[in-house]
Amino acid sequence: MAPNAEDYADAVDRRRFLELAGVTGAAALAGCGGDGGGGDGGGSGSDQVYDVGFKNSGQDNPNDTHFNSANSQTYSWNAGRMIHERYAAWNFKESEFELAALEDWSIDGTTVTMTIRDDLTWEDGSDVTTEDMEVQWRILEKIGSTVWDFTDSINVVNEKTMEATLSQESNPNIIKFAIASLFMRYPATEFERFVDQPASEVQSFKWNDPIGNGPWKLDAKNAQEFNFTRSESYYNAQNVNFQTMRVLYRTSNTAIQQGLASGELHGSTSLFVPPGTVETFPDEIEEVNIPAKWGYGMVFNHDDSIFGQREVRQAIAHVINREEMVANGGPRTKFPSEKLCGIAPKDQEAWLGDRFSDFEGYGVGASQTDQAADLMEEAGFSKNGGTWEDGDGNAVTADYLSPAGWTDFTTMTNTIVDQLNSFGFDLSVSTVPPNNWTTRFSNSNFQLGAMYWLPGGARSSFPYFPLRHQLVATAINGGHNWPEGERTVPAYEGSGTMTLNPTELVRSISTTPSESETTEKVRRAAWHNNHDLPMLSLVSKFEQSWLTDNDTWDVVDEDHKDRQVKWPQHWLPRKGSLTATGN
Amino acid sequence: MLNYLTKRTARVFVTIWAVATLSFGLIRLLPGGPFTQLRIQLLRQGLPAEQVEERIRNLQNIRPDAPLWQQYLDYMGALVQGNLGVSIRLDEPVVEVVANAAPWTIFVVTVSTILVFAIGISIGALQAYWEGSRFDKFFTGLSMGALSVPFYVLAVILLFIFAYNLGWFPTSGRYDHSIENVWSLAYLVSVLRHAALPIAAYSLGAAGGQALAMRGNSIQVLGEDYVEVARLRGLSDSRIATRYVGRNAILPMYTGFLLLLGFRLGGTIILEQIFTYQGLGLRLFQALNQNDYPLMMGTFLVITVVLVLGVYVADLTYSRIDPRISQGDEGEAY
């Protein structure tokens, strides 16, 4: 995924980096995992193993990357997930976790108990034990992983069970999303030596000869590909009926698209493909869409004299026609947010329940310029010669910061800027390389711009994460200058207004164990978000993953639940839901 | 002559020094500075601030807190010792990264440039020889057509047809990694097969340009008095074509050949990206994308050095090819 960033590769990499670095709050990007046992998915159910190889693709040069996730700068997540088993996975279809490396987990007060599968072994046949787990957690502590944001201590109970003691009673969802994101990838034999060394040691270690515990083991890696062979010792090995899995290195989206179209490649973990190109794919290439919980939003510098004003932000929200953004940015894979409230679009109704209709929609398919004009006037602006001006006669002028190379972002940026300029703003699009883009945000060197409003991955299904992301914005070091403290918004119940501290409110969700209390707090935090608009929650999207389903490869049907775990190339073979036919 | 040689040699070092200095200055003018992003990332990783500064210092052989002149002296001092710093993303010495990538790029560019000239000169000479013929008209049109197609468009087309659709050539890489013996014929064939399409894409259009240039030069030489004299002397057509016309028509193109070697290294950024050919161009492309300034500077410098050396060699050898300027102090090739 990276660098030809027509898709979100760069950002996904960065998010993975941040997640590992313990910055973004908790839990991991994509929940992925397996269930406990023999697979309720496709399940090949045959002992026959065919000597064929599935050719997946990636944009990491294997020679430049390795398997130590603590050294996140050059860690290959696409290859790493092939060989290591995650603790648990989030199923986007079922909205529930499926256990993988763990056989059981439970949270009782401040004690989290995790039990490793009895049959989980390293590829050499030795058991994965709590000795490995303890080493992993010690290293995570050393490098400041988010699981240690809420963990006080760990305690090995026996060879397979370990307990983590929380610093305070916490919301079980947050704990589970954080733990589910972990992979069992620190064998004590390899990593114990780093426990007593400075963090920089493990963070600069390049693990090129990894020991896996997943369905594949590394056979070779070179400048062109990772080559994995089937691991006999994998607990669900009976589900894997083909001998090799290859991850071929390609430098660009176009090269992967051509590879898929020509049959040279059998799949791609995550690849943006424009609609026109999709039509050129043969029928045997199947697209798997999983909610990305990530998408185009707008960030404001709250210290800015214009965009720091709530009325201006609300006016902007009214002017933006989100359906038009989607129509221009890619209707096949994108969808607008019904309510601008900081909750992922597909989850809004479930979380807001009967209060859903009370939330302001700001016109999902319309430019509500009348309401916007009223708000601008309320804020002291007036229109002169078609342009909005402040009380001193200064036009509402700004550079709209947008990442270069992300073509869908660019299209939606142009759409928004066009809509706002038609309304009477004087905005100019300023596209900068992604690195500079985030740096500008981090340094508060901007007025407004395009920014992902959902932090991405499974955890974004739980509103705490996107709500926190919008207020704290650790991804940009809080460079949007959201003011801490109390805010006054229209009353959540009844008329009048109410005052609350949104940052504190969101923070308190993480320490609320009760489900009903959590729901209530989420609704109030979303209510605040809906009126104060720390960011604009505009559009979300589906991930695009690609697989071949033909005479040689068999993939479970489109509505099968196994297809809704990230990522299909990693998950489906484990479940026997991607198999060789033997033809 | 000695004076000339000294001047030219000195100019090589001055040019390289100027480019190194310019690179040093330019990356400090980049928004946010070269290490802003890395500093943020490392701090987020939980590294203490002093460790972050230490790591950044190691990366670039500079001391960010030192005065600019001190940084400059440190940088140039390291450069003289062949130390280009450490790649930010790869955490490997830039020299090693460049050393691994450069031979492949130089191989593609050199073979391609030789082909460009060989094809261009041959066709151009024949066109001039048969000036006005159908052959001449056909190749003039073909050359102009080839010249008007950018190499990267041609690259995509060749890749699509001959690699993806027909499967005659590999779609990416430098060689077949399943061949372990690098001294075997199979390995050599594999290298040639992987390089074939990049070389073809990089050569065909440019060859058209050279053919037109050669044709023009040859026609001009054909009108010279000494060619007329040669004819009057009754020399054979082949001798006139090779010894009189060919040699003189090629002369202006000789320096172009060496200069092109250097210039075309820059074009490999796109070429190697299209073919996933892991050479210097692809490294530079990735370094640009990732704000990997040490690697960026390293590859810039290598390209500059090759270009400067190309000019230098052209200057020094031109006098041997063209005796008319062998005594002149001002006889520079460009």
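Cores and strands in a predicted model

Me: Which residues touch the most other members of the largest nonpolar core?
Reply: In this predicted model, the largest nonpolar core holds 153 residues. Those that touch the most other members are A:Y87, A:I139 and A:M298.

Me: Which helix gives this core its largest share?
Reply: The core draws at least three residues from each of domain 1 (9-289 + 543-580) and domain 2 (297-541) of chain A. Its largest share is six residues, and they come from chain A helix α4 (residues 172-180).

Me: What is A:I139 in contact with, leaving aside its neighbours within four places in sequence?
Reply: A:I139 is one of the residues that touch the most other core members. Its contacts, with those neighbours left aside, are A:A70, A:Y186, A:F191, A:F194, A:V195 and A:V202.

Me: How many residues are in the other core, which lies apart from it?
Reply: Among the members of this other core are B:L84, B:A155, B:V245 and B:L271. Its count of residues is 67.

Me: Which side chains of strand β5 (residues 111-116) of chain A point to one face and are buried?
Reply: In a regular strand the side chains alternate between the two faces of the sheet. In β5(A), A:T111, A:T113 and A:T115 point to one face and are not buried. The buried side chains, on the other face, are A:V112, A:M114 and A:I116.

Me: Which residue of β7(A) does A:T113 stand opposite?
Reply: β5(A) and strand β7 (residues 161-166) of chain A run antiparallel and are joined by five bridges. Opposite A:T113 in β7(A) stands A:E163.

Notes
Residues numbered from 1 in each chain as written. Chains lettered and ligands numbered in written order. Predicted model: local features only at pLDDT ≥ 70, side-chain atom pairs only at ≥ 80, totals over all residues. Core = buried A, V, L, I, M, F, W, Y, C linked by C-beta atoms within 7 Å. Buried ≥ 20, exposed ≤ 12 C-beta atoms within 10 Å, placed from the backbone. Helix = DSSP H or I, 4+ residues; strand = E, 2+ residues; numbered from the N terminus. Domains from an automatic or database assignment. Contact = placed C-beta atoms within 7 Å. Pairing = 2+ DSSP bridges.
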